[in-house]
Amino acid sequence: MRILSHLFLIIITVNFVQAQDTLQTRILSEVVIQSVQTEGDTLQNFYRANQSANTEDILSRMNGVYLIRRSAYGQEPVIRGMSGGQINVTIDGMRMFSACTDRMDPVTIYVEPQNLKSIDASLGTNGTSMGSTIGGSLNLRLAEPLMNKKSVTGRAGVGYQSVSNGINYFTDANFSQQRSAYRASFIYRKNQNYIDGRGQTVNFSQFEKTNFSLAGKWGIRKDTLKANFLIDEGRNIGFPALPMDVGKARASMYALTYIRHTDSGWLKNLEGKVYANEVYHQMDDSQREVLMHMDMPGWSSTYGAYAEAKTKAISNHTLQFRTDIYHNRVLAEMVMYPNDGGSMYMQTWPSSYRTVAGIYMADDVRLGSRLKVNINGRLDASNTTIEEGFGKDQLYVFYSQFESSSKKITKSFNVTARRPFMQNFVFTLHGGYGERLPTNSELYGFYLFNRQDIHDYMGNPHLKVEKSFSSDFGIEFFNNWLELNGTMFYQHNPNYILAYVDTQLDAMTPGAYGVKVYENISDAKFWGAELSALVSPIRNIQLISSFKGTRAETFAGDPIPFIPAFKNVTSLRFEKSKFNGQLEWEGALAQTHASENFGEQDTPGYSIFNLRAGYHTNNHLGNWSLSVGVENLTNKYYREHLDWGGIPRPGRNFYSTVEFRF
Ligand SMILES: [Cu+2]
């Protein structure tokens with residue numbers, strides 16, 4: 001219970017983890033999501049309740065994290081009401097960017113739970129170690145090859161979901177030698193259209209994907225060399241809330257990492273990485289009845305490198321340094337085929353590239369015996385360039401005066417103080433400032449159709465960086481059987497980027513009501529809270545409850561779009577030797593602060609129940625486990641506020657997963 005308590009406290013204070021001991025950071029990175037699950041790990045069972053769950057399902061249960069849903073697969077992470085360019089999503093510290101103008105391919109979809117080691121989340125401006133941000137960051141760490149005693153270990157399994165007639169095969173294997181280890185994983189998912197709580201089929205909600213990863217690790221004297229390769233391919237991914245689907249989406253990533261472990265001097269370790277990734281995205285409307293068919297391919301490629309170092313404690317300071325650089329290039333095209341005549345060509349994302357180089361420094365200071373302070377700062381220099389040619393000429397029609405290159409410096413700075421009080425309390429206080437660059441769509445997007453508010457969106461190359469002042473106040477309480485953690489936050493974002501109707505412009509997409517252009521508004525404010533509890537009155541029973549809520553308004557008091565409703569997930573788990581059972585309640589309040597300007601409708605509250613059970617056994621052939629369950633037990637017809645287009649969620653779903661470990 002003691003260890004459990006620590007783990008729990010660390011997870012729910014995930015936003016302040018950089019302020020903690022490196023020991024805790026290490027535990028966090030190994031614990032959030034483990035590719036090989038240990039039995040009886042309460043948090044694991046909470047985050048990854050269904051063994052066939054994908055990374056999105058895990059994210060949806062994390063503190064302060066929500067998802068925008070336009071389909072059954074490919075949901076976009078939101079941190080405390082901020083998304084897209086306001087947050088940073090990295091994979092093993094690597095920057096990677098979508099190739100879809102409609103945000104169908106958040107990079108979180110490329111890592112499956114089978115090749116995930118952990119998800120580190122930072123909330124607010126504090127998450128700047130991987131890049132400047134105002135809303136927070138998610139870093140998905142990839143599973144590593146392990147140097148085991150056994151030369152070959154692994155697992156294979158199959159899962160089935162009734163609601164979408166979905167099947168999921170997964171396997172991974174670890175090969176271990178004296179000084180090297182290798183790991184391979186393969187996942188295949190295929191789902192048909194799912195059925196909602198009223199028994200109706202939700203058309204265009206199908207998807208199919210494969211994911212393959214390969215990793216190697218070699219010991220070289222005292223150092224470690226790692227290599228990673230990953231390829232993910234989605235096919236026929238339906239987007240019921242959008243007028244188009246995905247025909248094909250393909251991503252590949254490559255990375256080489258060198259870790260130097262030193263035990264002399266003040267340096268603890270040094271890590272350097274070079275990486276590359278590529279995304280190809282091809283939308284498809286051939287299954288839809290549309291006024292005009294279109295081809296919409298997109299490309300995004302990123303190359304980057306970073307180096308980081310940590311020191312041992314030097315008097316009462318522990319320092320961390322990082323320097324990084326990336327170069328991202330994107331292009332998205334649209335070819336329209338009107339019924340009456342020839343085709344038309346456009347670049348919806350004009351060919352452009354961005355290079356960002358930055359330095360980051362953090363200092364953990366111990367002041368006296370109880371107070372710990374973390375100070376961190378980052379400085380990034382960036383250059384964003386739209387290339388000469390077709391895409392730039394298009395924009396020139398609207399902005400006759402704009403520079404091809406925009407050079408910007410972004411800065412961030414954070415201070416977090418943490419101090420225990422009496423025996424059972426810990427108080428945390430954070431204040432910070434951050435800036436973020438406008439995204440490619442916000443700068444150069446060209447008639448990007450938004451189905452939610454039925455407008456075409458235009459970029460604005462004159463946008464300034466968006467800023468944020470962020471503050472958090474947290475209280476933790478713990479004793480032998482109960483742990484509570486509450487955080488309140490407030491963020492004030494000057495130069496907030498939002499799109500408003502320009503009545504001078506005419507829409508191009510058939511049926512669109514008008515054109516919106518991005519601009520910097522004076523400011524917007526965000527506030528809210530997260531509250532978690534872990535209760536374990538007796539050994540076999542654990543209860544976890546997690547609440548999260550966010551509100552946001554512009555300076556004029558208008559609701560900001562895509563702000564989730566207040567939500568709670570509560571899970572009661574029982575374990576006895578080889579058997580476990582879990583009852584979950586998930587609910588949200590109504591969201592009545594909808595943004596009418598952005599085509600949002602109020603969303604009623606909902607309440608659903610899930611029931612899960614598991615059994616595992618060991619015999620001379622290996623280790624088997626079976627998990628079964630039913631989600632949305634009462635077959636409730638519901639949707640969440642961030643679900644686009646009023647598309648309902650799946651109705652009652654029976655699932656089972658069989659897994660064999662060797
Ligand atoms: Cu797309």
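A residue counts as buried if 20 or more other C-beta atoms lie within 10 Å of its own, as exposed if 12 or fewer do, and as partly exposed in between. Keep that rule at hand for the exercises below, which all use a predicted model.

**Exercise 1. Decide whether Ser382 is buried, exposed or partly exposed, and describe its surroundings.**

Step 1: Find the residue. Ser382 sits in strand S18, which covers residues 371-386.

Step 2: Apply the rule. Ser382 has 18 other C-beta atoms within 10 Å, so it is partly exposed.

Step 3: Look at what it touches. Leaving out residues up to four places away in sequence, Ser382 is in contact with Arg354, Thr355, Val356, Lys407, Lys408, Thr410 and Leu437.

Step 4: Compare sequence and space. Tyr326 is 56 residues from Ser382 along the chain, and their C-alpha atoms are separated by 9.7 Å.

**Exercise 2. Do the same for Asn328: is it buried or exposed?**

Step 1: Asn328 belongs to strand S16, residues 317-337.

Step 2: Asn328 is buried, because it has 20 C-beta neighbours inside 10 Å and the cut-off for buried is 20 or more.

Step 3: Beyond four places in sequence, Asn328 touches Arg95, Phe97, Ser300, Thr302, Tyr353 and Arg354.

Step 4: Pick one of these partners, Phe97. The two residues are 231 apart along the chain, yet 7.6 Å separates their C-alpha atoms.

**Exercise 3. Arg80 and Arg221 each have a positive phi; work out where each one lies and whether it is buried or exposed.**

Step 1: Check the angles. Phi is near 45° for Arg80 and near 50° for Arg221; in each case this is a positive value in a residue other than glycine.

Step 2: Place them. Arg80 is in the loop between strand S2 (76-79) and strand S3 (82-83). Arg221 is in the loop between strand S11 (207-220) and strand S12 (223-237).

Step 3: Count neighbours. Arg80 has 31 other C-beta atoms within 10 Å and is therefore buried. Arg221 has 8 other C-beta atoms within 10 Å, so it is exposed.

**Exercise 4. Follow the pairing of strand S20: which strands pair with it, and in what sense?**

Step 1: Start with strand S19 (residues 405-421). It pairs with S20 (residues 425-436) in the antiparallel sense, over 9 bridges. Across this pair, Thr416 stands opposite His430.

Step 2: Look at the turn. S19 and S20 form a hairpin with 3 residues between them, and Met422 in that turn has a positive phi of about 50°.

Step 3: Move on to strand S23 (residues 466-478). S20 and S23 are also antiparallel, with 12 bridges. Here Glu435 has Lys467 in S23 as its bridge partner.

**Exercise 5. Draw the strand order of the open sheet of 4 strands and mark its edges.**

Step 1: Write down the order, S5-S4-S7-S6, and note that the pairing is mixed.

Step 2: Mark the edges. Strand S5 (94-95) and strand S6 (116-123) are the edge strands, since each pairs on one side only.

Step 3: Examine the pair S4 and S7. Strand S4 (residues 87-91) runs parallel to strand S7 (residues 136-142), and 5 bridges join them. One of the details to find is Asn88, whose bridge partner in S7 is Ser137.

**Exercise 6. Identify the largest nonpolar core and explore one of its residues.**

Step 1: This core has 91 residues, and those with the most contacts inside it are Val78, Ile91, Tyr110, Ile119, Phe239 and Met253.

Step 2: Take Met253. Apart from its neighbours within four places in sequence, it is in contact with Ile91, Met94, Met96, Leu230, Tyr275 and Asn277.

Step 3: Look for another core. One of 5 residues lies apart from the largest, and includes Ala565, Ala588, Tyr606 and Ile608.

Step 4: Recall a general tendency. In soluble globular proteins, nonpolar side chains tend to be buried together.

**Exercise 7. Judge the overall build of the protein and the confidence of the model.**

Step 1: Count the elements: there are 6 helices and 31 strands.

Step 2: Test compactness. The radius of gyration is 24 Å, close to the 26 Å that the globule rule gives for 662 residues, so the protein is as compact as a globular protein of that length. Buried residues make up 48% of the 662.

Step 3: Check confidence. The mean pLDDT is 89, and 93% of residues reach 70 or more. Over residues 1-40, however, the pLDDT is below 50. Where pLDDT is low, the predicted coordinates should not be read in detail.

Note on methods
Residues numbered from 1 in each chain as written. Predicted model: local features only at pLDDT ≥ 70, side-chain atom pairs only at ≥ 80, totals over all residues. pLDDT = per-residue confidence, 0-100. Contact = placed C-beta atoms within 7 Å. Helix = DSSP H or I, 4+ residues; strand = E, 2+ residues; numbered from the N terminus. Pairing = 2+ DSSP bridges. Rg over C-alpha atoms; globule rule 2.2 N^0.38 Å. Core = buried A, V, L, I, M, F, W, Y, C linked by C-beta atoms within 7 Å.
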